[in-house]
Amino acid sequence: MNILVICADTFRADYLGCYGNSWIKTPHIDKLAGEGIRFDEFYGEALPTIPARRVLYTGRKAFPFSYHQQKGDMVQLPGWHPIYDEDITLAEHLSDLGYTTGLVSDLYHMMKPGKNFHRGFHSWEWIRGQEADPFIPTSKPNQNVSKYIGSKVDINPGKHRLMSQYLNNRSWWKDESDHFAGQVMQSAANWITRYGSKKPWMLWVESFDPHEPWDAPKEFLELYSSTNYQGKEPIWPSGLVDNYTKDEFNRIKAHYAGECSHVDRWVGHIVETLQSQHLLNDTIVVFMSDHGCIMGEQGQIHKGQDRLRIQATRCPLIIRMPEAQYAGTVVDGFVQHQDIMPTLLGLIEQHVPKRCNGQNFWPLVTKKEPIDLHDIIVSGFGWYASVRTAGWNYQAPWTEADNQRPPELYNRKKDPDELINVIEDYPSIAKDLQAHLDKVMITTHLTEGQLGQISETDTPAAVPEVKW
């Protein structure tokens, strides 16, 4: 069997019709879910972008994180670094097994000097220009960015430069097919047309959209916002709703929704290409995301290391099997990113590399055998972690850091959207979940690396205090 994986960055699960959304149009992904299996409790183990890819590509947990300063990278977070040499990626493993492997990505963090996320792929294609990628050289800010900043927001020189770079990068676009999702998915479809006969193959497709800047094509934006709108276009908003007027915030939401629909349209293009090449029923198709985002909940916008609520940590996961086997199945047990690689290898009846410590979750689908997977999961982001059970979500710093926020607790049964912090009402629950987090920190196999950093390896050791 062939394998196609499509990972859309920052795609909230509940912004898909198949996950219950009633106002955002995602017919192609919804159809994929109708012909496949939908997983309702799929969460990131390591957030955001780069830590998530480390887990997805290796099938190995990354939390608790190490911190390695990244030269020339504006993002400096624990876990944000290349894949370890000791790890074996899915692409490397499948290539050794005779698969033709390809990567198409506009996720520019993967392309930065020193990163190695194309390791093991026979071919890779970088689609340039996302966010602040210096695709079109910009010696100094030369764009009028005032249109793209909210009326209540002061822009600093750094943000002005980033916005100017992005606007230069997309200055050549003529229609919606030139937007990044269109470029990525067309390149992926071309790869399938060109190499799809070289069976078996695995193609991994990374779409940075609907990650910010939220800059939806006009026809998709107008699905969710008035054509008469005359205000600002805050396509790269700050983190608080209060920084925007009501109309501006509604416009932000419309841009994000429009990007979700735009990604959906081009996911459909890839699936249609599989069908036209008579490959759909020879291919496992996976659609998922690395994380979601906050879109107004608790007055916030964007994900964040101290925002590990369901909107940010839960991800869509849809798997369509050849011949639409198990069509319409819904799985409600906990699944995480590290479980993707061993599950895919299990589906093609191949062994799992030793350092891959995720679990094959397919028995949750078939129900042919009992499976003890996860009844409690941990998701890490920066200096914070979430401990999640069926009934609770607990968030706390996992080590000492500057400007820490105190722990939070959410009752998932009474408050499924995790909007009300009830930690003062349930101190014993918080204590128990903190104890689980402490146990993870102590029992996870770690060893001290250079300069007192933590390295995620196989040798157990005490966990040192880590400061950024």
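Here is a short dialogue on reading the fold, one buried loop residue and the salt bridges of a predicted model.

Student: Where do I start with a predicted model like this one? How many helices and strands are there in the protein?

Tutor: Count the elements, then look at overall size. The protein has 11 helices and 16 strands. Its C-alpha atoms fill a box of roughly 55 × 55 × 45 Å along the principal axes.

Student: What does the radius of gyration tell me about the protein?

Tutor: Set it against the value for a compact globule. With 468 residues that would be near 23 Å, and the protein has 21 Å, which agrees. Burial adds to the picture: 61% of the 468 residues count as buried. Then check the contacts: among those with a separation of 6 or more, 70% are between residues 24 or more positions apart.

Student: Let's zoom in. Is Glu212 buried or exposed?

Tutor: Buried means under 20% relative accessible area. Glu212 has 7%, so it counts as buried. You'll find Glu212 in the loop between strand S6 (201–207) and helix H6 (218–221).

Student: Which residues is Glu212 in contact with, leaving aside its neighbours within four places in sequence?

Tutor: They are Thr10, Glu131, Trp236, His302 and Lys303. Look at Ile235 too: its C-alpha is 7.3 Å from that of Glu212, with their positions 23 residues apart in sequence.

Student: On to charges. Why can side chains pair up?

Tutor: Side chains of opposite charge can pair when their charged atoms come close. This structure holds 23 salt bridges. One of them joins the side chains of Glu41 and Arg412, at 3.1 Å from N to O. That pair links distant parts of the chain, 371 residues apart: Glu41 is in strand S2 (residues 37–43), and Arg412 is in the loop between strand S14 (408–411) and helix H11 (427–443).

Student: How accessible are Glu41 and Arg412?

Tutor: Glu41 is buried at 16% relative accessible area, and Arg412 also counts as buried, at 10%. Now try Arg53 and Asp290, whose side chains meet in a salt bridge at 2.7 Å, N to O. Arg53 lies in helix H2 (residues 49–58) and Asp290 in the loop between strand S7 (283–288) and helix H8 (310–313), so the pair ties together parts 237 residues apart in sequence. Both Arg53 and Asp290 are buried.

Student: What about Glu408 and Arg405?

Tutor: They form a salt bridge too, with the closest N and O atoms 2.6 Å apart. Glu408 counts as buried at 4% relative accessibility, whereas Arg405, at 28%, counts as partly exposed.

Student: Which residues do salt bridges with shared partners join into one network?

Tutor: Asp9, Arg53, Glu206 and Asp290.

Methods
Residues numbered from 1 in each chain as written. Predicted model: local features only at pLDDT ≥ 70, side-chain atom pairs only at ≥ 80, totals over all residues. Heavy atoms only, no water. Helix = DSSP H or I, 4+ residues; strand = E, 2+ residues; numbered from the N terminus. Rg over C-alpha atoms; globule rule 2.2 N^0.38 Å. Buried < 20%, exposed > 50% of the residue type's maximum accessible area, 1.4 Å probe, protein only. Contact = heavy atoms within 4.5 Å. Salt bridge = Lys/Arg side-chain N within 4 Å of Asp/Glu carboxyl O.
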